[in-house]
Amino acid sequence: EDKLLDVVDLHVSFDTYGGRVHAVRGVNVSVKKGETLAIVGESGCGKSVTAQSIMRLIAEPPGKITNGEVLFKGQDILSFSEKKMRSIRGREISMIFQDPMTSLNPTLTIGDQLTEGLIKHQKLSLKEAGKRALSMLKLVGISNAKERLKQFPHQFSGGMRQRIMIAMALMCDPEILIADEPTTALDVTIQAQILDLFKDIQKKMGVAIIMITHDLGVVAQLADRIQVMYAGRVVEEGNRRDLFYRPQHPYTRGLLHSVPRMDADRNVPLVPIAGTPPDLFSPPIGCAFADRCAYAMEVCALHDPPKTEVASGHRVACWLQDVRAQQAFEAGELPM
Ligand code: SF4
Ligand code: MG
């Protein structure tokens with residue numbers, strides 16, 4: 001098997017003054033060598049918490065992974081010591097965040113920051129680490145790389161800083177790169193350039209990418225597979241074609257409506273999905289989307305929708321896909 005990462009039935013909760021929030025409720029994620037998986041959903045859907053769980057970055061307390069496994073090459077990293085985990089972070093699995101300024105140290109040169117890990121943890125010489133830094137800066141499209149290594153973060157534009165963060169994440173040649181909203185803070189032109197860069201990197205380095213985003217448009221060109229999350233669960237997953245051309249879950253369809261189309265009139269406002277996600281202090285018993293769903297039936301609020309595989313690898317958690325709901329309705333056994 002070329003399976004690199006397998007997250008199985010992950011549950012994560014947070015204790016707050018308002019009570020316990022069930023942020024992630026039974027999520028599965030699997031990533032193969034060299035593929036790009038996108039995890040898409042509104043803020044608060046649990047996508048970032050899922051990513052942080054994979055990196056074991058959930059602060060405990062208030063957070064807690066209450067159930068599940070995170071298998072990296074078959075080993076459950078949730079059982080690793082913090083010391084062993086440090087040898088995974090950055091080297092095997094790397095992560096970049098939305099705002100590169102908060103992750104870069106303003107008082108150190110780019111060169112120092114890029115080489116720090118290699119010198120400290122991998123015991124590379126200054127010269128070897130410098131060579132690697134130079135080639136990584138070139139890879140991410142920063143010209144004059146030799147001069148640039150001596151500069152500080154504030155001497156770079158937002159887009160350039162994100163390129164540096166990507167270079168930093170790739171320094172140790174990781175197998176998985178997790179990018180949490182990597183283009184959200186950037187303007188549209190720069191966004192497109194950074195997305196192209198991800199494609200390019202993947203081709204050259206063969207790294208698997210997990211792209212976390214609230215914007216389906218961002219992953220249209222990039223993702224091999226897409227998982228749509230809502231209220232702590234995956235509601236639909238499939239390859240890019242299935243999700244864009246044959247979306248089945250009412251929530252996915254709603255998200256697609258809010259993706260701006262290149263050929264569309266720019267003045268037409270996007271149609272957001274009316275309503276807000278449920279609060280996750282006491283998650284709903286049935287379908288979490290029921291309050292916002294134009295197709296909701298009575299069964300939706302009473303029972304959790306089962307997952308139906310509508311095509312190979314294309315799974316949907318919605319009662320509309322389940323023939324039993326229709327049959328029971330016709331037999332008068334189920335209120336719809
Ligand atoms: Fe809508 Fe029901 Fe499907 Fe949920 S299960 S998305 S409420 S039709
Ligand atoms: Mg987030």
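This section describes the confidence, core, helices, ligand shell and unusual backbone geometry of a predicted model.

The prediction scores ipTM 0.96 and pTM 0.92. Mean pLDDT for the protein is 90. At least 70 is reached by 93% of the residues. One stretch stands apart from these scores. Over residues 262–268, pLDDT stays under 50. The model has zero contacts beyond four places in sequence for this stretch.

The largest nonpolar core holds 84 residues. Seven members touch the most other members: Val40, Ala167, Ile176, Ile178, Ile210, Val228 and Tyr230. Helix α7, residues 158–170, gives the most to this core, with seven residues. The surroundings of Val228 can be listed in full, leaving out residues up to four places away in sequence. Val228 touches Val40 and Gly41. Contacts are also made with Val234, Val235, Glu236 and Glu237. His249, Tyr251, Thr252 and Leu255 complete the set around Val228.

Helix α7 is mostly covered, with 11 of its 13 residues buried. The buried set includes Ile164, Met165, Ile166, Ala167, Met168, Ala169 and Leu170. Gly159, Arg161, Gln162 and Arg163 are buried as well. The length of α7 agrees with expectation, because 13 residues at 1.5 Å a residue should span 18 Å and the end C-alpha atoms are 19 Å apart.

Helix α4 covers residues 110–120. Its buried residues are Ile110, Gly111, Gln113, Leu114, Thr115 and Leu118. The cover over these residues includes α5 (126–139), α6 (145–148) and α7.

Ligand 1 is surrounded by 14 residues. Those that come nearest are Cys287, Cys293, Ala296, Cys300 and Cys318. By class, the shell has 13 nonpolar residues and one polar residue. No charged residue takes part in the shell around ligand 1.

Two cis peptide bonds follow one another in the chain. One joins Glu60 and Pro61, with omega about -15°. The other runs from Pro61 to Pro62, with omega near 10°. Pro61 lies in the loop between α1 (47–54) and β4 (63–72). Pro62 is found in the loop between α1 and β4.

Positive phi values occur at Asn144 and at Asp173. Asn144 is not a glycine, yet its phi is about 55°. It is placed in the loop between α5 and α6. Asn144 counts as exposed because it has 10 C-beta neighbours inside 10 Å. Asp173 is likewise not a glycine, and its phi is about 55°. This residue sits in the loop between α7 and β7 (176–180). Asp173 has 13 C-beta neighbours inside 10 Å and therefore counts as partly exposed. Thr36 lies 137 residues from Asp173 along the chain, with 16 Å between their C-alpha atoms.

The loop between α6 and α7 contains Phe152. Phe152 has 15 other C-beta atoms within 10 Å, so this residue is partly exposed. Residues up to four places away in sequence aside, Phe152 touches Pro106 and Thr109. Ala325 is 173 residues from Phe152 along the chain, and their C-alpha atoms are separated by 61 Å.

Definitions and conventions:
Residues are numbered from 1 along each chain as its sequence is written. Chains are lettered from A and ligands numbered from 1 in the order in which they are written. This is a predicted model: local features need pLDDT of at least 70, side-chain atom pairs count only at pLDDT 80 or more; totals for chains, interfaces and linings use all residues. A nonpolar core is a set of buried Ala, Val, Leu, Ile, Met, Phe, Trp, Tyr and Cys residues joined through C-beta atoms within 7 Å. A residue is buried if 20 or more other C-beta atoms lie within 10 Å of its own, exposed if 12 or fewer, and partly exposed in between; C-beta atoms are placed from the backbone. Helices (H or I, at least four residues) and strands (E, at least two) are DSSP runs, numbered from the N terminus. Two residues are in contact if their C-beta atoms, placed from the backbone, lie within 7 Å. A residue is near a molecule or strand if its C-beta atom, placed from the backbone, lies within 6 Å of it. Ala, Val, Leu, Ile, Met, Phe, Trp, Tyr, Cys and Pro count as nonpolar, Asp, Glu, Lys and Arg as charged, and the others, Gly among them, as polar. The expected span of a helix is 1.5 Å times one less than its number of residues. pLDDT is the predictor's confidence in each residue, from 0 to 100.
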